Amino acid sequence: MIICHCHGITDQDIRAAVDWMRAADPGTIVTPGKVYRALGKRADCGGCMPLFLDSMRSCDTFGVPMQLRNLRGTARKEGVGP
Ligand code: FES
């Protein structure tokens, strides 16, 4: 299914890019901008963003790596940051 009509990006393209990024760097935070860059594109009108994000979230490999979860809470407990 076409997700981004400006660039013809499909849900399969998005899932493949997320899987590729996760395989290349298991600790990376996957963002829509990174997915666009991985596909050699740039967001244009942004009208696809809700569906784009839904497609990213549907990937099994999309989740935030365990070591990067709850960093804000950890910093507060250790007295670092606001
Ligand atoms: S529909 Fe995706 S940038 Fe316009």
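Is Cys6 buried, exposed or partly exposed? Cys6 counts as partly exposed, because its relative accessibility is 40%. That value falls between the cut-offs of 20% and 50%. The model behind these views is predicted.

**View 1. Two cysteines, Cys4 and Cys6, and no disulfides.**
Cys4 is buried, with a relative accessible area of 2%. Cys6, at 40%, is partly exposed. A disulfide is a covalent bond between the sulfur atoms of two cysteines. The structure holds zero disulfides.

**View 2. Helix H3 has a buried side and exposed residues on the other side.**
H3 runs over residues 49-57. Its buried residues are Phe52, Ser55 and Met56. They span an arc of only 100° around the axis, so they lie on the same side of H3. Pro50 and Arg57 are exposed on the other side. What do the buried residues of H3 pack against? Their partners are strand E1 (2-4), strand E2 (9-10), helix H1 (11-24) and helix H2 (32-38).

**View 3. The largest nonpolar core contains 14 residues.**
Which members touch the most other members? They are Ile14, Val18, Val35, Phe52 and Met56. E1, H1, H2 and H3 each supply at least two residues of this core. H1 gives the largest share, four residues. Now focus on Val18. Leaving aside residues up to four places away in sequence, Val18 touches Val30, Val35, Met56, Cys59, Thr61 and Phe62. Val35 and Met56 appear in both lists: they are contacts of Val18, and they are among the core members that touch the most others.

**View 4. Ser55 is a buried residue of helix H3.**
Why does Ser55 count as buried? Its relative accessibility is 6%, and the cut-off for buried is under 20%. Which residues does Ser55 touch, not counting those up to four places away in sequence? The contacts are Ile3, Asp11, Ile14 and Arg15. Two of these, Asp11 and Arg15, also pair with each other in a salt bridge. The next view shows that pair.

**View 5. Arg15 and Asp11 form a salt bridge in helix H1.**
The structure holds two salt bridges. In this one, the side chains of Arg15 and Asp11 meet at 3.5 Å, N to O. The two residues are four apart in H1, so about one helical turn separates them. An α-helix has 3.6 residues a turn, so residues three or four places apart point the same way. Asp11 is buried, with a relative accessible area of 13%. Arg15 counts as partly exposed, at 30%.

**View 6. Arg57 and Asp54 form a salt bridge in helix H3.**
The closest N and O atoms of this pair are 3.5 Å apart. Arg57 and Asp54 are three residues apart in H3, so they too are separated by about one helical turn. Arg57 is exposed, with a relative accessible area of 54%. Asp54 is partly exposed, with a relative accessible area of 45%.

**View 7. Gln67 lies in the loop between H3 and helix H4 (71-77).**
Is Gln67 buried or exposed? Gln67 is exposed, with a relative accessible area of 54%. How far apart are Gln67 and Gly27 in sequence and in space? They are 40 residues apart in sequence. In space, their C-alpha atoms are 7.9 Å apart.

Conventions. Residues are numbered from 1 along each chain as its sequence is written. This is a predicted model: local features need pLDDT of at least 70, side-chain atom pairs count only at pLDDT 80 or more; totals for chains, interfaces and linings use all residues. Side-chain values use heavy atoms; hydrogens and water are left out. Buried means under 20% relative accessible area, exposed over 50%, partly exposed in between (1.4 Å probe, protein chains only). The arc is that of the directions from the helix axis to the C-beta atoms. Contact means heavy atoms within 4.5 Å. A nonpolar core is a set of buried Ala, Val, Leu, Ile, Met, Phe, Trp, Tyr and Cys residues joined through side-chain atoms within 4.5 Å. A salt bridge is a side-chain nitrogen of Lys or Arg within 4 Å of a carboxyl oxygen of Asp or Glu. A disulfide is a pair of cysteine sulfur atoms within 2.5 Å.
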